[in-house]
Amino acid sequence: MQDETEDAIAELHAMLDRADSIVSFTGAGISTESGVPDFRSPGSPWMVNKPIPFEAFVQSREARIEAWRRKFAMDDHYRDARPNIGHRALARLVAQQRSPAIVTQNIDGLHQASGVPEEQVIELHGNGTYATCLTCGWRHELAAIRPAFEATGEPPACVMCAGPVKSATISFGQAMPQQQMMRAQALALECDLFLVVGSSLVVYPAATLPIIARRQGARLVILNREPTDLDPIADLVIRAESGVALARLAE
């Protein structure tokens, strides 16, 4: 099995070398190697601090209070997380202008922390490192929100319009960011190699992106520790940690 994995990793790097336009699509698996918990692992803290559905957040002050309590509890679980080898490897592809952007389902901001410019990270599920007003869209920093919340117990209100402020993530029941999704679809149509890293490919519509790329003739590589439903259409499937598989590129 080890020899098979090593052969697959060697083939991955050969494919990367041949590709002109690479789109990396990342999920929770790339960040678990940085200490960020995923949703589905046994004992995940996300099961204790489940995100509050969007409708409840909007309608209920009590739900907003609980949402912020859970938000900060989860932040404490991975406050020391830093980009790992996988993040740095994908950042290098962007820096070499071989990858126009990284598409991610993650909300941890680790791609930006690895050196990828903000405009070249397409976040399909938002970003948990800051907050926005649901009324006017004004950005709020967590460093200002948390002390006030912990002192008063009151959910934050926008400093510009007094509207409700929410973590800039996409909650269950909240509309997906259409502009981000359209950008991701356009990249999937144009690339010649679509690289899935650490995604179980069970969340839609994000999981349609590798299908779009494959149908347009791009090579599809799935790097994930567990099987996915799209493995049968992939040109290459690698069962390994992203840091192991991408270490050569990061160096």
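How do β7 and strand β8 pair, in the parallel or the antiparallel sense, and over how many bridges? Strand β7 and strand β8, the latter made of residues 219-223, pair in the parallel sense, and they do so over five bridges. I should add what pairing means here, namely that DSSP finds at least two bridges between the two strands. Strands, for their part, are DSSP runs of E with at least two residues, while helices are runs of H or I with at least four, and both are numbered from the N terminus.

Before going further, please keep in mind that this is a predicted model, in which local features need pLDDT of at least 70 and side-chain atom pairs count only at pLDDT 80 or more, whereas totals for chains, interfaces and linings use all residues. Residues are numbered from 1 along each chain as its sequence is written, and side-chain values use heavy atoms, with hydrogens and water left out.

Let us begin with the sheet that holds β7. Six strands form an open sheet here, in the order β3-β2-β1-β7-β8-β9, and the pairing is parallel. At the edges stand β3 (121-123) and β9 (236-238), each of which pairs on one side only. From one strand to the next, the twist averages 15 degrees, where axes are lines fitted to C-alpha atoms, for helices over the stretch in contact, and angles run from 0 to 180 degrees between N-to-C directions. Helix α6 (residues 85-95) packs on this sheet and touches β1, β2 and β7, with a direction that makes about 150 degrees with that of β1; by touching, or contact, I mean heavy atoms within 4.5 Å.

Looking at single pairs, we find that β1 (residues 22-26) pairs with β7 in the parallel sense over five bridges, and that T26 has V197 as its bridge partner in β7. On the β8 side, V196 stands opposite I222. Further along, β2 (residues 102-104) and β3 pair in the parallel sense over three bridges, with E123 in β3 as the bridge partner of T104.

Now to β7 itself, which spans residues 193-197 and has five of its five residues buried. Buried means under 20% relative accessible area, exposed means over 50%, and partly exposed lies in between, with a 1.4 Å probe and protein chains only. Both faces of β7 are covered, since L193, L195 and V197 on one side and F194 and V196 on the other are all buried.

A residue in strand β1 is also worth a look, and that is S24. S24 counts as buried because its relative accessibility is 1%. Not counting residues up to four places away in sequence, S24 touches L90, L93, S99, A101, I102, V103 and L195.

Next comes the connection from β7 to β8. Together with helix α10 (residues 208-215), these two strands make a right-handed β-α-β unit; right-handed means that, with the strands pointing away from the viewer, the path from the first strand over the helix to the second runs clockwise. Which residues of α10 are buried? The buried ones are L209, P210 and A213. They lie on the same side of α10 because they cover an arc of only 95 degrees around the axis, the arc being that of the directions from the helix axis to the C-beta atoms. Their cover includes β1, β2, α9 (178-190), β7 and β8. After α10 comes G217, whose phi is positive, near 100 degrees.

There is also a sheet of three strands, open, in the order β5-β4-β6, and its pairing is antiparallel. Its edge strands are β5 (139-141) and β6 (165-169), each pairing on one side only, and the twist averages 45 degrees from one strand to the next. Helix α5 (residues 61-77) packs on this sheet, touching β4 and β6, and its direction makes about 45 degrees with that of β6. Helix α8 (residues 142-152) lies across β4, β5 and β6, running at about 65 degrees to β5. Four bridges join β4 (residues 126-133) to β6, and A131 stands opposite S167 in β6.

Let me finish with the cysteines. The structure holds zero disulfides, a disulfide being a pair of cysteine sulfur atoms within 2.5 Å. For C161, the nearest cysteine sulfur is that of C133, at 3.5 Å. C161 is partly exposed, with a relative accessible area of 34%, whereas C191, at 7% relative accessibility, counts as buried.
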